[in-house]
Amino acid sequence: DLLVVGVHPDESVRGLKGAARPFVPLDQRMRLLAALQCVDYVVPFGESTPLDLISHLVPNVLVKGGDYTAQDTAGAAEVIAAGGRFAAIPFVHPRSTTELIGRIRADAARER
């Protein structure tokens with residue numbers, strides 16, 4: 001078995017989340033993921049979605065967070081058509097960078 005993690009490039013994150021994002025740059029996000037023992041490869045994808053990467057790799061399992069479905073996940077149809085499966089992993093301990101940034105800004109505003 002092999003675990004490949006695709007990572008949005010900074011430009012893509014900015015397009016999805018806004019000009020002030022990402023909070024953590026691509027190289028640091030990739031190093032963090034690569035440090036996980038279960039991760040074999042970390043690959044940035046140059047497009048706004050990982051469809052080309054997924055179509056090239058054709059994984060047996062395509063995994064996304066619990067807020068996604070196969071219908072709204074790039075590459076899911078291709079993986080399923082090739083005999084693979086899509087899995088949405090529920091959030092056990094939800095963490096949101098957007099929420100953390102909001103809390104930090106609120107704390108900073110209170111301290112002023």
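Contact here means heavy atoms within 4.5 Å. With that cut-off, Val 42 touches Val 5, Val 7, Met 30, Leu 33 and Ala 34, once residues up to four places away in sequence are set aside. Keep in mind for every view below that this is a predicted model.

**Figure 1. The whole chain, with 5 helices and 4 strands.**
Reading from the N terminus, the elements go β-α-α-β-α-β-α-β-α. The C-alpha trace spans about 55 × 30 × 25 Å along its principal axes. Of the 112 residues in the chain, 23% are buried. The exposed surface comes to about 8,200 Å², and carbon and sulfur atoms supply 56% of it. As for charge, there are 12 positive and 13 negative side chains, with the centres of the two sets 9 Å apart. If you count contacts between residues at least 6 apart in sequence, 50% of them join residues at least 24 apart.

**Figure 2. The largest nonpolar core, 6 residues in all.**
Its members are Val 5, Val 7, Leu 26, Met 30, Val 39 and Val 42. Strand 1 (4–7) and helix 2 each put in at least two of these residues. There is also a second, separate core of 5 residues, and Ile 54, Leu 62, Val 79 and Phe 86 are among them. Back in the largest core, Val 42 is in contact with fellow members Val 5, Val 7 and Met 30. Val 42 also touches Leu 33 and Ala 34.

**Figure 3. Helix 1 (residues 10–17) and its buried side.**
Asp 10, Ser 12 and Val 13 are the buried residues of this helix. They sit on the same side of helix 1 because they cover an arc of only 155 degrees around the axis. Turn to the other side and you find Glu 11 and Gly 15, both exposed. What do the buried residues of helix 1 pack against? Their partner is helix 2 (26–34). Just after helix 1 comes Gly 18, with a positive phi near 115 degrees.

**Figure 4. The buried face of helix 2, made up of Leu 26, Arg 29 and Met 30.**
Viewed down the axis of helix 2, the buried residues fall within an arc of 100 degrees, so they line one face of the helix. Arg 31 and Leu 32 are exposed on the other side. The buried residues of helix 2 pack against three elements: strand 1, helix 1 and strand 2 (41–44). Two of the three buried residues, Leu 26 and Met 30, also belong to the largest nonpolar core.

**Figure 5. Arg 29, a buried charged residue of helix 2.**
Is Arg 29 buried or exposed? With a relative accessible area of 17%, Arg 29 is buried, because the cut-off for buried is under 20%. Leaving out neighbours within four places in sequence, Arg 29 contacts Val 7, His 8, Pro 9, Asp 10, Val 13, Pro 22 and Val 24. Two of these contacts, Asp 10 and Val 13, are themselves buried residues of helix 1.

**Figure 6. The cis peptide bond between Arg 21 and Pro 22.**
Omega for this bond is about 5 degrees. Pro 22 is in the loop that runs between helix 1 and helix 2. You have already met Pro 22 in the previous view, as one of the residues in contact with Arg 29.

**Figure 7. Phe 45, in the loop between strand 2 and helix 3 (51–57).**
Phe 45 counts as buried, at 5% relative accessibility. Which residues does Phe 45 contact, leaving aside its neighbours within four places in sequence? The list is Gly 6, Val 7, His 8, Pro 9, Pro 50 and Leu 53. Of these, Val 7, His 8 and Pro 9 are in contact with Arg 29 too. If you want a span to check in your viewer, the C-alpha atoms of Phe 45 and Ile 89 are 21 Å apart, for residues 44 places from each other along the chain.

**Figure 8. Val 58, a residue other than glycine with positive phi.**
Its phi is near 45 degrees. Val 58 is in the loop between helix 3 and strand 3 (61–65). A relative accessible area of 38% makes Val 58 partly exposed.

How values were computed: Residues are numbered from 1 along each chain as its sequence is written. This is a predicted model: local features need pLDDT of at least 70, side-chain atom pairs count only at pLDDT 80 or more; totals for chains, interfaces and linings use all residues. Side-chain values use heavy atoms; hydrogens and water are left out. Buried means under 20% relative accessible area, exposed over 50%, partly exposed in between (1.4 Å probe, protein chains only). Accessible areas come from the Shrake-Rupley method with a 1.4 Å probe; for residues, only the protein chains shown count as cover. The place of a charge is taken as NZ of Lys, CZ of Arg, CG of Asp or CD of Glu. The arc is that of the directions from the helix axis to the C-beta atoms. A nonpolar core is a set of buried Ala, Val, Leu, Ile, Met, Phe, Trp, Tyr and Cys residues joined through side-chain atoms within 4.5 Å.
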